[in-house]
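Hi everyone, thanks for coming. Let's take a few minutes to walk through a structure together, beginning with one residue and then stepping back.

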Amino acid sequence: MLGAPANTTGWRDLGLIHTASFSGMIQHTNQKIYYIFGDEATNDYSDEHIFHAPPVAGTQPPNRGTRAILYDDMGRGSTDDTYTWNEYGRPAIEVMYSVGHQVALGNVDAIYHGGDISYATGYLSVWDFFLDELSPSASGALYLTTVGNHESDCPNSASYYAGSSSGGKYGDSGGECGVATTRLLPMPKPATTNKPWWSYDVGLIHFVGMSTEHDYTIGSEQYNWIENDLKSVDRTKTPWIIFGGHRPMYINSNYGGAITSDLTVMNNLIYHIEPLLWKYRVNLAFWGHNHVVQRHAAVYNRTVIQRSKQVYKKYGDIPTAMHYNPQATVHMVIGTAGAQFTVNYVEPLPDWNEAVFYRFGYAIVTAVNSTYLSWDWSGVDNIYYDRMAITQDDPTKPWVLPETTDDDDDDSKDSKGNDNDDDGTSFSTGQLAGLIIGIIVGTAIISIGIVMAITKSKKGSSLLSNSSDSRV
């Protein structure tokens, strides 16, 4: 630990961290592995756990597609009405209950948590509480993470950022500087504390985890690793690439100016990293940091390459935002796994921003086959509130930018840039926007969710919300 409070008032000896490796996992893919851990000398063992071994690259589970749960910006809550030391993100416990239920049912092959994990920020006892909260999910399914500013940012460290003023003298990580996160939640190779980037194959999906908190500029070690990793993907085995990082490449936000601001980081990621995503045909990129859900179009260099088409699969269901063989990456921001909402978007929405809403929950991504990928956004009540899908004709073929883009069709947009086309599948903001106040009494946790959905329609964009800003 490099600074306070991690090495002063927040210090707590976490004890020995024991690790063990499962062997023979490939022979047990798509099976349940029952295991316990403990000390043979004292006959002190844990309860029995069940791990659902994920499918190996190029294969699928027996009765469904490859499935992963994605979220960012969690924190921790508790099951009673007490507040523990430095607690932040009380709704996270409800998200974990919902995710843990999906894991127990065997519906999940991997969980991908894209940064801002425990919000311990130097108070190390928080990690004990958080890992206890995480146990039902991480003990049963592959758990992947990338570091965020609250894990990594610290002066005089390998971090690209010293941390914002909210982090104090020792940065947003409270002096942890990535040490606690990478020791407690080690990631696949080549990830290390100071170089925490990695990739991993699960079924039909190649997952990539970059660190937005470390140097990613053109020619840097991380940049070169990302390019080498992406160019080496065998798209005949893993036809889908899902790319994750903490700070977003595309974010509808009014926060600019500072080096750590949303708009400055967005500009840097677009300049340095986005050309790699397009060149190597990354299908889906998801981000967090801003505590909001934002669904974006297929976009390249701030230009909409393909807008989604609203399709109703069945009567009474929510529409699916369909992308048919898009020639650019679809981006999502999903920073609502527990941390307090950040409300700083702008209206009218940028052309590439298709929807914005606020609700605690997570995304469920399913690679149905090599040509169809679905995205369902679930609340903690296990109800889907948003849906998107991507198709691809041939994952091995290079992308080609169209001669004209969806942005060029000015006749189909009003003065605010909203679509005026009425193809029978458009829907108004009124159909989606709603105010949901959920009071969860059973566990004495009060969770207030203000739901807001902004979509482009004939009537323009509107907003139904009233929520305060929060730390990111």
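Let's start at His150, which you'll find in helix 3, residues 149-152. Before we go on, please keep in mind that this is a predicted model. So, is His150 buried or exposed? With a relative accessible area of 4%, His150 is buried, because anything under 20% counts as buried. And what lies 3.0 Å from a polar atom of its side chain? That's the backbone oxygen of Asp172.

Now let's step back to the whole protein. His150 has company, as buried residues make up 56% of the 472 residues. On the outside, the protein exposes about 19,500 Å², and carbon and sulfur atoms supply 51% of that area. If you like counting elements, there are eight helices and 20 strands. Among contacts with a separation of 6 or more, 70% are between residues 24 or more positions apart.

Next, the sheet I'd like you to look at. Eight strands form an open sheet with mixed pairing, and the order is 7-6-5-18-19-20-15-14. At its edges sit strand 7 (142-145) and strand 14 (309-311), each pairing on one side only. On average, neighbouring strands here are turned by 25° against each other, ignoring direction.

Zooming in, strand 5 (residues 66-71) and strand 6 (residues 110-113) run parallel and are joined by four bridges. One pair of bridge partners is Ala68 and Ala110, the latter in strand 6. Helix 1, residues 92-104, packs on this sheet and touches strands 5, 6, 18 and 19. The direction of helix 1 makes about 25° with that of strand 18 (361-369).

That's my tour, and I'm happy to take questions!

Definitions and conventions:
Residues are numbered from 1 along each chain as its sequence is written. This is a predicted model: local features need pLDDT of at least 70, side-chain atom pairs count only at pLDDT 80 or more; totals for chains, interfaces and linings use all residues. Side-chain values use heavy atoms; hydrogens and water are left out. Helices (H or I, at least four residues) and strands (E, at least two) are DSSP runs, numbered from the N terminus. Buried means under 20% relative accessible area, exposed over 50%, partly exposed in between (1.4 Å probe, protein chains only). A polar contact is a pair of N or O atoms within 3.5 Å; within protein, one must be able to donate a hydrogen and the other to accept it, and residues adjacent in sequence count only if both atoms are side-chain atoms. Contact means heavy atoms within 4.5 Å. Accessible areas come from the Shrake-Rupley method with a 1.4 Å probe; for residues, only the protein chains shown count as cover. Two strands pair if DSSP finds at least two bridges between them. Axes are lines fitted to C-alpha atoms, for helices over the stretch in contact, and angles run from 0 to 180 degrees between N-to-C directions.
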